[in-house]
Amino acid sequence: MKNLLKSLRGVWAINAPVRWGAYYLTNLFIRLRNFFTKHWPAVGIVTVKLPGGPMFELYTEGDDWIATQAFWKGFGGYEGQSEYIFSSLARSAGTIVDIGANIGYYSLIAAAANPSATIIAFEPASKA
């Protein structure tokens, strides 16, 4: 069966329509996900799973960009590699200070990555 499929994918008349069909379908799904990520906010509880298994939850009333990004894109969906680097560093830290905590997203990452750490978080800006 495997050899048959390999030989069929080498036939241009089969390869080209399947390849282009897959290309357009995957791009359509990417565009749809990007649309919903921007225009359909998460409401309620959003569970975020860190690499290696620890999880935490965020509650949002639909007014929070961070929770929406975490819902649609998962861990790393808000600030990309910064979240991975931060969680990795937090695992071995004794004290973690989150200055400008906003909703406390990085504090929650730290708490999930290292439950024994002391975490100090504050947001100097008042909610508008």
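Modeller: A polar contact is a pair of N or O atoms within 3.5 Å. Keep that in mind as we walk through this predicted model.

Colleague: Thanks! Which residue has its backbone nitrogen 3.0 Å from a polar atom of the side chain of T60?

Modeller: Let's start with T60 itself, which lies in strand 2, residues 55-60. A polar atom of the T60 side chain lies 3.0 Å from a backbone nitrogen. That nitrogen belongs to G62.

Colleague: Is T60 buried or exposed?

Modeller: Leaving aside neighbours within four places in sequence, T60 is in contact with A42, V43, G44, V46 and A67. Buried means under 20% relative accessible area. The value for T60 is 1%, so T60 is buried.

Colleague: How are the rings of Y105 and Y106 arranged as a pair?

Modeller: A search of the whole structure gives twelve aromatic pairs. In the pair of Y105 and Y106, the ring centres are 5.8 Å apart. Planes over 60 degrees apart count as edge-to-face. The planes here are at 85°, so the pair is edge-to-face.

Colleague: Which residues form one aromatic cluster with F35 and F36?

Modeller: Y105 and Y106, both buried, were our last stop, so to speak; now for the cluster. Joining F35 and F36 in one aromatic cluster are W40, F71 and W72.

Colleague: And how many charged residues are in the lining of the largest pocket?

Modeller: This pocket has a volume of about 320 Å³. Twelve residues line the pocket, with D63, D64, N102, I103 and K127 nearest its centre. The lining divides into six nonpolar, two polar and, for your count, charged residues numbering four.

Terms used:
Residues are numbered from 1 along each chain as its sequence is written. This is a predicted model: local features need pLDDT of at least 70, side-chain atom pairs count only at pLDDT 80 or more; totals for chains, interfaces and linings use all residues. Side-chain values use heavy atoms; hydrogens and water are left out. Rings of Phe, Tyr and Trp (its six-membered ring) pair if their centres lie within 6.5 Å; planes under 30 degrees apart count as stacked, over 60 as edge-to-face and the rest as tilted. Buried means under 20% relative accessible area, exposed over 50%, partly exposed in between (1.4 Å probe, protein chains only). Helices (H or I, at least four residues) and strands (E, at least two) are DSSP runs, numbered from the N terminus. A polar contact is a pair of N or O atoms within 3.5 Å; within protein, one must be able to donate a hydrogen and the other to accept it, and residues adjacent in sequence count only if both atoms are side-chain atoms. Contact means heavy atoms within 4.5 Å. On a 1 Å grid over the protein atoms alone, a cavity is a set of points where a 1.4 Å probe fits but cannot get out, and a pocket is an open set with protein on both sides within 12 Å along at least five of seven lines; lining residues have an atom within 4 Å of a point. Grid points are joined across faces, edges and corners, and a volume is the space filled by probe spheres set on the points. Ala, Val, Leu, Ile, Met, Phe, Trp, Tyr, Cys and Pro count as nonpolar, Asp, Glu, Lys and Arg as charged, and the others, Gly among them, as polar.
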